[in-house]
Amino acid sequence: MYDHLELELARARQRVKRAELFLTRASEMLDEERGVGISLALCCRIRSEQTRLAEARSRLRHIDPKTH
């Protein structure tokens, strides 16, 4: 049981970190002048990743309520 909980916590933390990393990279790319088409696609992807990040954080809090 303990191993399963640790594995789930590790997965949840990894999802949060991945989503945070993507958002950082996408925001940096958005700051560059890449054209309107690319900017629109990045904005859409950023919104999607923000949702994914919120879900990952929620799951992490569900698994370990002490996590902020």
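Helices here are DSSP runs of H or I with at least four residues, and strands are runs of E with at least two, numbered from the N terminus. With that convention in place, Val16 falls in helix α1. The model is a predicted one, in which local features need pLDDT of at least 70 and side-chain atom pairs count only at pLDDT 80 or more, while totals for chains, interfaces and linings use all residues. Residues are numbered from 1 along each chain as its sequence is written, and side-chain values rest on heavy atoms, with hydrogens and water left out.

The two helices can be taken in turn. The expected span of a helix is 1.5 Å times one less than its number of residues. For α1, the 30 residues should span 44 Å, and the end C-alpha atoms are 44 Å apart, so the two values agree. Helix α2 covers residues 36-63, and its 28 residues reach 40 Å from first C-alpha to last, close to the 40 Å expected at 1.5 Å a residue. The loop between α1 and α2 holds Glu33. At 80% relative accessibility, Glu33 counts as exposed, where exposed means over 50% relative accessible area, buried under 20% and partly exposed in between, with a 1.4 Å probe and protein chains only. The C-alpha atoms of Glu33 and Tyr2 are separated by 49 Å, with their positions 31 residues apart along the chain.

Burial follows next. In α1, the buried residues are Glu8, Leu9, Ala12, Val16, Ala19, Leu23 and Ala26, and they pack against α2. On the other side, α2 buries Leu42, Ile46, Glu49, Leu53, Ala56 and Leu60, which pack against α1 (2-31). A nonpolar core is a set of buried Ala, Val, Leu, Ile, Met, Phe, Trp, Tyr and Cys residues joined through side-chain atoms within 4.5 Å. The largest such core has eleven residues: Leu9, Ala12, Val16, Ala19, Leu23, Ala26, Leu42, Ile46, Leu53, Ala56 and Leu60. Each of α1 and α2 supplies at least two residues of this core, and α1 gives the most, with six.

Val16 offers a handy viewpoint on this core. Val16 is buried, with a relative accessible area of 8%. Contact means heavy atoms within 4.5 Å; leaving out residues up to four places away in sequence, Val16 touches Leu53, Ala56, Arg57 and Leu60. Ala56, counted in the same way, touches Arg15 and Val16. Along the chain, Val16 and Leu30 are 14 residues apart, and their C-alpha atoms are separated by 21 Å. By comparison, Glu55 and Val16 are 39 residues apart in sequence, with 8.8 Å from C-alpha to C-alpha.

Two glutamates of α2 make a useful pair. Glu55 is found in helix α2 and is exposed, with a relative accessible area of 52%. Glu49 also has its place in α2, yet at 3% relative accessibility Glu49 counts as buried. Setting aside neighbours within four places in sequence, Glu49 is in contact with Ala19, Phe22 and Leu23.

The last item is the open space. On a 1 Å grid over the protein atoms alone, a cavity is a set of points where a 1.4 Å probe fits but cannot get out, whereas a pocket is an open set with protein on both sides within 12 Å along at least five of seven lines, and lining residues have an atom within 4 Å of a point. About 160 Å³ of space lies in the largest pocket, where volume is the space filled by probe spheres set on the points, joined across faces, edges and corners. Its lining consists of Arg15, Arg18, Ala19, Phe22, Arg45, Glu49, Arg52 and Ala56, and α1 and α2 each supply at least two of these residues. The lining divides into three nonpolar, no polar and five charged residues; Ala, Val, Leu, Ile, Met, Phe, Trp, Tyr, Cys and Pro count as nonpolar, Asp, Glu, Lys and Arg as charged, and the others, Gly among them, as polar.
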